[in-house]
Every structure is written in C-alpha cells, then in structure tokens.
Amino acid sequence: MATYQIGVDEAGKGPVLGPMVAAAVRADEGDLPDGIDDSKRLTAATRESIATQLWESSTIAVGLGIVTTDEIDDPETDMNSLTVAAQVRALGEVAGEGDHALVDAGDVSESRFARRVQEGVADAGTDTESGVAIDVTAEHGADEASRLVGAASVIAKVERDSRIDALDEEYDDDIGSGYPSDPTTRAFLADYVDRHGELPACARASWSTCEDVLAAAEQSDLAEF
C-alpha cells in the first residue's frame, strides 16, 4: 500500500455563489487529529474543531488554492481544468520534492486527472522558483477512504463556509449556502437583481441559475409596460 505525505480535496465546485476552495494537507497520518472523515459526514462544529487543530499543529502543513468567480466565468476554461488549477495551487504551498499526494479525482478518469495535477505542480513556480516533482494518485471518493484527504476536505469546507459567511456580512443579507438548490440563495439573487438590475459580484454569472434569475427579472420588467 502506498504511503502518502499529502492529501488534497476541494469544496464549492457546484455552487452559484462564491469561490471554489481546494486544500492540501501534508502530514504523517499518525499526527492527524481524531475524528477526521469526509467533511460532508461531520457537523459544522466538528469540522471547525478539526480544522483549528490542523492549522495549529507544528507537524502539519496546510495549503489553500482559491478559484475566483471571475475564473469560473471565463468561457475559455471548464470546471475540470479549474479543479486541477485549485489543487495545483494548494499543493504548491506544501509539496516537497519527491512527495506522494493522494487527491480526490475531479474527472471521470482518475489517471488523467492525476497526470494533469502532477504536471501542473511540476510546471508551477515563480520567477525565482521552479515547480517540484511529485507523484500524484487520484481516486474517486478519496475523501472517504483516506484520512489525509478527509483532512483536506475539512479544511476546504471550513474555508469555503467562512467565505460564504463573509459574503453574508458584505451584502448585509442571508445568501444561504450558495448552492442553486437552496431557496435562500435563489431568493437573494432574485432580490439583488430586482434592486440593482445586475448580478452580485459573488455570483457565477455563467451558471444557468443566474441566467434564469436575469430572464425572470426581464420578463417582470416587460410585464410592467
């Protein structure tokens, strides 16, 4: 069985509001706190407690990779490529030469996704630093099977939730979870467009939910004539 130094996962791939957040956790599994699981199986309080322990541990390194709404709305890209980019950014903050990372696959093809992430980390870098050569394995459901990836899923979820909470304060409104199926989120979007005539900056304008809200507002305006 392979020994992994890093686990990677992302949160916020499907919402209509806010960024997508990837996290990478580099640690010996024995140093991870108790109670780690796929973040969706944990309560918010448990996730926040585990995330705090991970961030504060002197033997654990945590990296984040953020993909903005502007990047998501770029017609020249797609969500698979953006998921790769998010994971590469997170890995770039913690990966060391020769590390072996296990990532939650963001593509139907595990091997293709692993190859793209591995190449992305190798090609990444700054003007003074080159990327690093690491081995990457991608698996569907890795956040359930691996404590390292589970730890990353917790960090990503807590960070994503904190950014949604910040948007609540920014807009002085309850924006909900940010997911298209959330009635609170849909109501926020409809009310914002009604009051301002445009979508909020936190919205993924390319999502069909936003297109539906704008179309409904236009029909409402036409009905007033």
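Visitor: Which strands does α6 lie across?
Guide: Helix α6 (147-171) lies across β1, β2, β3 and β4 (100-104), at about 35° to β1. Helices (H or I, at least four residues) and strands (E, at least two) are DSSP runs numbered from the N terminus. Angles, from 0 to 180 degrees, are between N-to-C directions of axes fitted to C-alpha atoms, for helices over the stretch in contact, meaning heavy atoms within 4.5 Å.

Visitor: Where do these numbers come from?
Guide: This is a predicted model, where local features need pLDDT of at least 70, side-chain atom pairs need 80 or more, and totals for chains, interfaces and linings use all residues. Residues count from 1 along each chain as its sequence is written, and side-chain values use heavy atoms, without hydrogens and water.

Visitor: What order do the strands take in the sheet?
Guide: The open sheet has 5 strands in the order β3-β2-β1-β4-β5, with mixed pairing. Two strands pair if DSSP finds at least two bridges between them.

Visitor: Why is one side of β3 left without a neighbour?
Guide: β3 (61-67) is at an edge and has a single partner strand, so one side has no neighbour in the sheet; β5 (135-139) is likewise at an edge.

Visitor: And β1 with β2, parallel or antiparallel?
Guide: Antiparallel, over 6 bridges, with β2 covering residues 20-26. Ala11 has Val21 in β2 as its bridge partner.

Visitor: New topic. Which element gives the largest share of the lining of the largest pocket?
Guide: That is α6, with 4 residues. A pocket is an open set of points on a 1 Å grid where a 1.4 Å probe fits, with protein on both sides within 12 Å along at least five of seven lines; lining residues have an atom within 4 Å of a point.
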